[in-house]
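Let's walk through a protein model together, one question at a time. Keep the structure in view as you read.

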Amino acid sequence: MSYLFTDNLTKYLESHTMDRHFIFKEMELFAGERDYPIIGPQVGQLLYILTKIAKAKHVFEVGSGFGYSALWFAIAMEENGTVICTEYDEKNINRGKDFLRSIDTLRARIEFRSGNGIDLLNESNDQYDIIFNDANKEDYPKIFEIAKNKLKKGGLLIADNVLWRGQVTDSEPDNKTSGVIQYNKAIFESEDFFSSIIPIRDGVSVSIKLT
Ligand SMILES: C[S@@+](CC[C@H](N)C(=O)[O-])C[C@H]1O[C@@H](n2cnc3c(N)ncnc32)[C@H](O)[C@@H]1O
């Protein structure tokens, strides 16, 4: 997907992806055949770098699907790191477990929790190095309100689709678009965070918690 770049530039960007574990490729194929929205390798590589820089050990995802984005976090972490995946569609969780079955070391770092990721994050007593938001777009503002108290100082709040196919500039935004617009407003207005929007794929925001 790219509406941000010319076709040639899109092809160029897509041709600059790192060699990756075969499970990523299997998941990409599966998602492509079903038109299921995963972050894809360009955003995955960014998550990998951010995880390494942050030396992240505890990651929480809201909206995990079958674990493609979680795998990018898991592969970049130290051995004792954990990624908590949340997903309310059991079919996706089971698919994720099937994909990970053959890779013991990485599987041990990924924990699937079934249910609404917002509630599961709210109920969690832990503080995280990274919270990744890839849930329903209407949920984005609420996720910010909860995530801001669940991150360590210096932790990263990362969100996918923050340009929402360019609809964030619509004069009469629908509910999903309004969710993304409110989220972007909140991360840039908050004195507790320093944020940047990176225009790759559908836009990724990265916000570091300052306090
Ligand atoms: C964009 S997909 C996630 C893709 C995944 N992050 C990846 O790139 O591999 C969104 C998924 O989140 C789930 N979802 C959306 N909002 C959720 C919420 N509030 N709690 C739990 N799951 C949610 C949907 O069922 C869907 O499978």
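Q: Is the crossing of α3 and α4 right-handed or left-handed?
A: A word on the model: it is predicted, so local features need pLDDT of at least 70 and side-chain atom pairs count only at pLDDT 80 or more, while totals for chains, interfaces and linings use all residues. Residues are numbered from 1 along each chain as its sequence is written. A crossing is left-handed if the near helix is turned anticlockwise from the far one by less than a right angle, and right-handed if clockwise. For α3 and α4 the crossing is right-handed.

Q: Which residues of α4 make the contact with α3?
A: Helices (H or I, at least four residues) and strands (E, at least two) are DSSP runs, numbered from the N terminus, and residues are in contact if their C-beta atoms, placed from the backbone, lie within 7 Å. On the α3 side, the contact uses G44, L47, Y48, T51 and K52. On the α4 side, the residues are S69, W72, F73, I75 and A76.

Q: At what angle do α3 and α4 pack?
A: Two packed helices are described by the angle between their axes and the distance between the axes. Axes are lines fitted to C-alpha atoms, for helices over the stretch in contact, and angles run from 0 to 180 degrees between N-to-C directions. With α3 at residues 40–54 and α4 at residues 68–76, the axes lie 8 Å apart and the angle is about 35°.

Q: How many residues of α4 are buried?
A: A residue is buried if 20 or more other C-beta atoms lie within 10 Å of its own, exposed if 12 or fewer, and partly exposed in between, with C-beta atoms placed from the backbone. The buried residues of α4 include Y68, L71 and A74. The full count is nine of nine.

Q: Which strands does α4 touch as it packs on the sheet?
A: The open sheet has seven strands in the order β3-β2-β1-β4-β5-β7-β6, with mixed pairing. The direction of α4 makes about 170° with that of β2. The strands α4 touches are β1, β2, β3 and β4.

Q: Why is one side of β3 and of β6 left without a neighbour in the sheet?
A: Two strands pair if DSSP finds at least two bridges between them. Both β3 (110–114) and β6 (193–198) stand at the edges, so one side of each lacks a neighbour, and the reason is a single partner strand.

Q: Which residue of β4 stands opposite V59?
A: Strands of a sheet pair through backbone hydrogen bonds, either parallel or antiparallel. Strands β1 (residues 58–62) and β4 (residues 128–133) pair in the parallel sense over four bridges. Opposite V59 stands I130.

Q: Which residues of β1 are buried on the side with V59?
A: In a regular strand the side chains alternate between the two faces of the sheet. In β1, H58, F60 and V62 are buried on one side. On the other side the buried residues are V59 and E61.

Q: Is R165 buried or partly exposed?
A: R165 sits in the loop between β5 and α9, and its phi is near 55°, a positive value in a residue other than glycine. N161 lies in that loop too, with a positive phi of about 65°, and is buried with 24 other C-beta atoms within 10 Å. R165 has 13 C-beta neighbours inside 10 Å, so it counts as partly exposed.

Terms used: Contact = placed C-beta atoms within 7 Å.
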